[in-house]
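Visitor: Please take one part of this model and examine it closely, residue by residue. I should then like to see how that part is set within the rest of the chain.

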Amino acid sequence: MDALVQQFFNLAIMERALPLVLMGLKQTVILCLVVIPLGLAGGLAFALISLTRSRPLRWIAIASLDFFRAIPPLVLLIFVYSGLPFAGFRPSPLAAVAIAFFLNTSAYYGEIYRAGIESIGAGQWDAARSTGLKVHQTLAYVVLPQAIRNVLPDLVSNTVEVVKLTSIASVVALPELLYSADMARSVTFNSSPIVLAAAIYLVMLWPIVRLVSMLERRIAA
């Protein structure tokens, strides 16, 4: 039991590793601030295009949504980081992660947005148009606010998944939280820094998980 505590819950080693782990946490926060807004915006664009009346555009958007949801994000990240240099574009680790996560998260956000928009009945569109609103005004002022409210728990839940997804950025040597904790582990020959990183993820994400549950109950009521 003592050996287990020393290997995984060594407070002295956690204290030594804390500065490095906090530097990784800073990089994780920066990555989330880049990836999540891009994913939300890209997802909305995908959803709107997939609902357009133009059949070619609609099928292109739907095919893109299916493709990027089917491709594992790790494979997509390695392709962007290691494959694009052969095409003459050499992205930095942060740029590679941002591109790969943008494509992946946009597809998931896009499906959520599309479900929300389709949940709004045609009568809402007709009623708004009868007041003189144009199509884009109806979408912005009437449909989207209701659609986002209907799928808000799913949007927040997917955002939690995006935050957890940032951990795979370590494969391209981006010094995010998990990468930094693993570096500390390799220096100290102790797994306590990994446990520290897991605890930080728990502190960050547990309130959001509880928020999702609260939103689901409120919408159900």
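Guide: R185 is partly exposed, with a relative accessible area of 31%; here buried stands for under 20% relative accessible area, exposed for over 50%, and partly exposed for what lies in between (1.4 Å probe, protein chains only). The model is predicted, so local features require pLDDT of at least 70 and side-chain atom pairs pLDDT 80 or more, whereas totals for chains, interfaces and linings use all residues. Numbering starts from 1 along each chain as its sequence is written, and side-chain values rest on heavy atoms, with hydrogens and water left out.

The partner of R185 is D182: their side chains meet in a salt bridge of 2.7 Å, N to O, the term requiring a side-chain nitrogen of Lys or Arg within 4 Å of a carboxyl oxygen of Asp or Glu. D182 is likewise partly exposed, at 33% relative accessible area. Both residues belong to helix α8, residues 177–188, and because they are three residues apart there, about one helical turn separates them. Helices (H or I, at least four residues) and strands (E, at least two) are DSSP runs, numbered from the N terminus. Elsewhere, D66, R69, E111 and R114 are joined into one network by salt bridges that share partners.

Within that network, R114 and E111 form a salt bridge whose closest N and O atoms are 2.8 Å apart. These two residues are also three residues apart in a helix, in this case α5, and therefore lie about one helical turn from each other. Their setting is buried: R114 has this status, and so has E111. For D182 the corresponding class is partly exposed, as it is for R185.

A further pair lies in helix α7. There E161 and K164 bring their side chains together in a salt bridge of 3.2 Å, N to O, and, because they are three residues apart, about one helical turn lies between them. E161 is partly exposed at 42% relative accessible area, and K164 is partly exposed at 40%. In total, the structure holds five salt bridges.

What follows α8 in the chain also merits attention. F189 is placed in the loop between α8 and α9. Most residues other than glycine have a negative phi, and most peptide bonds are trans. F189, which is not a glycine, has a positive phi of about 55°. With a relative accessible area of 69%, F189 is exposed.

L177, by contrast, leads into the interior: V21, L77, V97, F101 and L177 are the residues with the most contacts inside the largest nonpolar core, which has 42 residues. Such a core is a set of buried Ala, Val, Leu, Ile, Met, Phe, Trp, Tyr and Cys residues joined through side-chain atoms within 4.5 Å. At least two residues of this core come from each of α2 (11–50), α3 (55–70), α4 (73–83), α5, α7, α8 and α9 (192–220). Of these, α2 gives the most, with ten residues. L177 itself is in contact (heavy atoms within 4.5 Å) with V21, G24, L25, T28, A197, I200 and Y201, its neighbours within four places in sequence being left aside. Apart from this core lies another, of six residues, including I117, L139, V143 and A147.

A107 shows how α5 meets other parts of the chain. This alanine is placed in helix α5 and, at 0% relative accessibility, counts as buried. When residues up to four places away in sequence are not counted, A107 touches F46, L65, F68 and R69; R69 is also one of the members of the salt-bridge network. The C-alpha atoms of A107 and V156 are separated by 15 Å, the two residues being 49 residues apart along the chain.

The overall frame can now be stated. The protein has nine helices and zero strands, and its pattern along the sequence is α-α-α-α-α-α-α-α-α. Its C-alpha trace spans about 70 × 50 × 25 Å along the principal axes. Of the 221 residues, 39% are buried. Among contacts between residues at least 6 apart in sequence, 74% join residues at least 24 apart.
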